[in-house]
Amino acid sequence: MVCDQCAKVGDGTHGKHDADLEVSKRKSDKKISKLAKMDPGIVCFQHCGPKVFCFLLPQTCPVCGEDLGAANFSLLPFRVPYPFIRASQYPCAVVIKPTTGDFLNDYYNSMDLHIGVTTSTGTIVEFDKQGLRKHRSNHWNQCLLLDQVTLPWREHWDTTLWQVCKQKCWSAKTYSEDNHNCYSFVLTFLVTLMYRNLSEAARNRTMFCEKFIVPRTTAAGKYISLYRKLKEFGFYVHRHQ
């Protein structure tokens, strides 16, 4: 069976259809390219003993000096998984990022973190000193995924989120950095959502931090530390204690 669009060759529709596909492919390639640029691409390999981390595989081993072109690896080079995500590409999710700056270049343990959620279409919803905001800002292009609901829950997620958003308490005037902030909004939403362990943990801010935030930031912290060492020295040799 031939689709109607492809059958209309005489009036030029077939050519337009091909052009639309080409434009769509270019957009997809651009999106992949942007994600690749965000990931610094840390490489790990093991040759003569300790693990070596770098951005680009060197010609010679920085530990023993042997030419890696013909070397036998005890651990073949692989790319270290990038722990951060672009929020708009994760629908119905809870996400977190530094209040200012980004994780790789600006974040330290003592800094505040800002939490938000996404809708089923990837729109970011957050509450801060400007009030309740809905957008697709690039400021959420390097964040951590705390959790994401399964597909059957998406409609309920959106409905519950809009119900919570309608509450008059989420305005710039009511915002308080210490007592009524981004966490207040997200935890209120999650409790109302009644989604398994996520909603249960959201009843207590300390429990939520222990179960969903600390494990993610701890794992990300190792990647951040490694990235900064590579920026400074070019490579890092991990020797077992």
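This short report looks at the cysteines and salt bridges of a predicted model.

## Cysteines

Let's start with the sulfurs. Searching the whole structure turns up zero disulfides. C54 is a good case to look at: the nearest cysteine sulfur belongs to C44 and lies 8.3 Å away. Since a disulfide needs two cysteine sulfur atoms within 2.5 Å, C54 is in no disulfide.

The surroundings of two cysteines can also be described. C54 is buried, at 3% relative accessibility, whereas C169 is partly exposed, with a relative accessible area of 28%.

## A salt bridge between distant parts of the chain

Four salt bridges are present in the structure. One of them pairs R79 with D39, with 3.6 Å between the closest N and O atoms. This pair links distant parts of the chain, as its residues are 40 residues apart. R79 sits in strand 3 (residues 75-79), while D39 belongs to the loop between helix 2 (13-38) and strand 1 (43-46). D39 is buried, its relative accessible area being 16%.

## Two further pairs and a network

R133 and D128 also form a salt bridge, and here the closest N and O atoms are 2.7 Å apart. D128 counts as buried at 10% relative accessibility, while R133 is partly exposed at 25%.

Next comes the bridge from R203 to E200, whose closest N and O atoms are 3.9 Å apart. R203 is exposed, with 56% relative accessibility, and E200 is partly exposed, with 48%. Elsewhere, E126, D128 and R133 are joined into one network by salt bridges that share partners.

Terms used. Residues are numbered from 1 along each chain as its sequence is written. This is a predicted model: local features need pLDDT of at least 70, side-chain atom pairs count only at pLDDT 80 or more; totals for chains, interfaces and linings use all residues. Side-chain values use heavy atoms; hydrogens and water are left out. Buried means under 20% relative accessible area, exposed over 50%, partly exposed in between (1.4 Å probe, protein chains only). A salt bridge is a side-chain nitrogen of Lys or Arg within 4 Å of a carboxyl oxygen of Asp or Glu. Helices (H or I, at least four residues) and strands (E, at least two) are DSSP runs, numbered from the N terminus.
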